[in-house]
Amino acid sequence: MTSSTSLKPLAMILPGLALAILIIGYPIYDLGYASLHEVSRFGQLRDFNGFNNFRDVFEDPLFYGSLIRTLIWTFAVVGGTLALSLPIAMMLNEEFYGRGLARVIIMLPWSISLTMTAVVWRWALNGRAGLFNATLMDLGILKEPIEWLGEANQAFTVEILIGILVSIPFTTTIFLGGLSALPQDTYEAAAVDGATRWKQFRHITLPLMKPFINIAVVLNVIYVFNSLPIIWVMTEGGPANGTDILVTYLYKLAFRFGQLGKASAISLIMFGVLLIFTIIYVLLVMRGEAGAEAEE
Amino acid sequence: MFHRKVATFAASALALGLLAGSAFAATTVNFTVAEYSSKTGPFYKEVAADFEKANPDIKINIEVVPWDSLLQRLTTDIAGGTPPDISIIGTRWLLDFASQGVAEPIDSYLTPEFKGAFIDTFMKPGIIKGKTMGLPVAASARAMVINTDLYEKAGVKPPKTWEELYQASQKIAKLPDTFGFGLQGKEIETDAYFYYALWTYGGDILRADGKSGLDSPEALAAVSLYKKMIDEGLTQPSPTNYSREDVFNLFKQGKVGTIFTFPMLIPQIKAEAPNLHYAVLPFPVEKTEATYGVTDTLMLFSSSKVKKAAWKFIEFTYQDKYRKQFDLGEGFLPVTKNIAALDYFKTDKDIAGFAAGLPYAKFAPVIANWEEIADTTVRALQQIYLGQVSPADGLKAAAKKINEIRGL
């Protein structure tokens, strides 16, 4: 009996597992294979060349610049998104007149493709002809138009802000789902005991929302880390590679310069970074949960 | 070997699917068309329909791909083992295609008569190591376009030298809400905007020994002039935020005195800014006259199994009536002698202005890794325009990097 009980669950997840291996594993295997070979301009594999592609990557100063900016980009966009989405979700969870409309407005950016959003912002931020400057000047906030994307640091900041804006709908949706599942009687009991709104948030909402925040962190990190459209459409990683993150740099290497071997190596490195992050994060979360259970 | 098997399996499944779909159909020629404008796709579909009428046993399958994603598309198609039979490509990519054995030499297909139809200047960029690797399909040359109203208002004459352009821009920039010189500093062809000056100052992209010409005194003089114009407010502010189209848009709005551009802008100006008065003129000269000649190439793939049918179609598309419709519709310069002889190219002031540069046109060098070299140049220019490095240091570093890429 024991053998059948231990085999049964395995057998039941086998189809799913096989599918996952095929869909996730095969491309990674292919990437790994390509990254150890010389790859022609058009993706045909040539000779095995060991770790030459990786050496090229690690000798490239633009790789390190892009890596650092990727970390800043991911941290800033995910952090900003979480900081804004939780209050927004809590507001939308309250009963108020026009709540349905407010929810639709918050979700609306989600329904537009990232590329389209980026194209619209690129137009809006154009120094002379853009709506953004025109509006600010009409309001008297600006005297002279600003070239928002002309200089790298400023352009990168603007791109991060847009990144936050487009990540809010998804994150808010996760949080709204979580908030609607919170037990109301806990709040009532707390209110009876004289807990302020802040204390309720700090000691009830936040701990109960933890699983939802965790999933929002992991998913957002993965999406944002790999996100190409905003930066690509607005600045193509320029000026002077000042807004390049790994994925835009990778795209340039692969499809402009035709260095597919080096690009495969960077893809694998990116996959590694994300994998390590996810493992560490999951471990931290599990340890946190185990600790909480032990306390109980 | 696992992935090889999967690839073969996928390919054979695909082939089976295709066979099942067209078991009794005729030969199919797949043709990837680069989209120059909204007219390109319909034009080629029309030609293909005429061709199919004349050759019922051949089917032409046209796929229109935007320029921006064309190289990526072809790369993935080739890597995936499903390249088209014919494609329009940028001539600057041709060497890569040829050296990887992707392009088919077409000398054996070219009859003397057909070959004689082309203008020699435009055939040359397609010849690699003595073999013709493709046919010119589109050509353009660049020129300076000025806003004659602004020049009149500022009381200056159209410039013939860079010094005159500088002085004219100073006066035009003093007019309200106007810039003297539109300078591109972002995205595709940011380097070309600099080559115009580099060449007319007497410099070149590559020296005679094949090393980068960016660390030459001519390059320094050219970029220093641009930098001076940025610093003195003669260009639009923050050129690094202006792509080619952004600069052209400023011009259409009547806000810029001078830009450097291609013939395709003229129909746009006529449509979008019909009241704008302009003139097409040669580039300012310091030492020599020069312009940038750009051609695109029609390439036959070596992997094609239907080369004969494909070639038949290629010859068909070069009939005078189609070439005339294509060149005039898209605003290109003619690549064939018969079309060049049309009165239009002499009497139309705008087109004649662009065509005038052809005798002294320079082409992008046909070298490996050209895109990466161009990108290195763009990066250096952006750093210089932004003031992150001095012109001399920026050019020197770029030249060193380019020599490394070239393996020199």
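This report describes the contact between two chains, the enclosed cavities, and the fold and backbone of chain A in a predicted model.

**The interface of chain B and chain A**

The contact draws on 35 residues from chain B and 37 residues from chain A, and the two chains bury about 3,100 Å² between them, with 53% of that area on carbon and sulfur atoms. Across this interface there are two salt bridges, one of which joins the side chains of B:Asp246 and A:Arg122 at 3.9 Å, N to O; with a cut-off of 4 Å for a salt bridge, this pair falls within the rule. The interface also holds 10 residue pairs in polar contact, counted where both residues are at pLDDT 80 or more. On the side of chain B that touches chain A, at least two residues each come from helix 1 (2–21), helix 3 (67–79), helix 4 (94–99), helix 11 (244–252) and helix 18 (370–386) of chain B, and helix 18 gives the most, with seven residues. By residue class, this side of chain B comprises 12 nonpolar, 13 polar and 10 charged residues.

The table sets the residue classes of that side beside those of the largest cavity's lining.

| Set of residues | Nonpolar | Polar | Charged |
|---|---|---|---|
| Side of chain B that touches chain A | 12 residues | 13 residues | 10 residues |
| Lining of the largest cavity | eight residues | three residues | one residue |

**Cavities**

Searching the whole structure gives three cavities of 30 Å³ or more, and the largest of them has a volume of about 50 Å³. Its lining is made up of B:Arg142, B:Ala143, B:Leu281, B:Pro282, B:Phe283, B:Ala290, B:Thr291, B:Gly353, B:Phe354, B:Ala356, B:Gly357 and B:Tyr360, a set that divides into eight nonpolar, three polar and one charged.

**Chain A: fold and backbone**

Chain A contains 12 helices and two strands, which follow one another along the sequence in the pattern α-β-β-α-α-α-α-α-α-α-α-α-α-α. Taken along the principal axes, the C-alpha atoms of chain A fill a box of roughly 80 × 75 × 30 Å.

Which loop of chain A holds A:Pro239? A:Pro239 lies in the loop between helix 10 (229–235) and helix 11 (246–255) of chain A, and the peptide bond that leads into this proline from A:Gly238 is cis, with omega near -5°. A:Glu236 is also placed in the loop between helix 10 and helix 11 of chain A, and phi of A:Glu236 is near 55°, a positive value in a residue other than glycine.

Conventions: Residues numbered from 1 in each chain as written. Chains lettered and ligands numbered in written order. Predicted model: local features only at pLDDT ≥ 70, side-chain atom pairs only at ≥ 80, totals over all residues. Heavy atoms only, no water. Contact = heavy atoms within 4.5 Å. Buried area = accessible area lost by both parts, 1.4 Å probe. Polar contact = N/O pair within 3.5 Å; in protein donor to acceptor, adjacent residues only side chain to side chain. Helix = DSSP H or I, 4+ residues; strand = E, 2+ residues; numbered from the N terminus. Nonpolar A, V, L, I, M, F, W, Y, C, P; charged D, E, K, R; others polar. 1 Å grid on protein atoms, 1.4 Å probe; cavity = no way out; pocket = protein on both sides within 12 Å on 5 of 7 lines; lining within 4 Å. Points joined across faces, edges and corners; volume = space filled by probe spheres on them.
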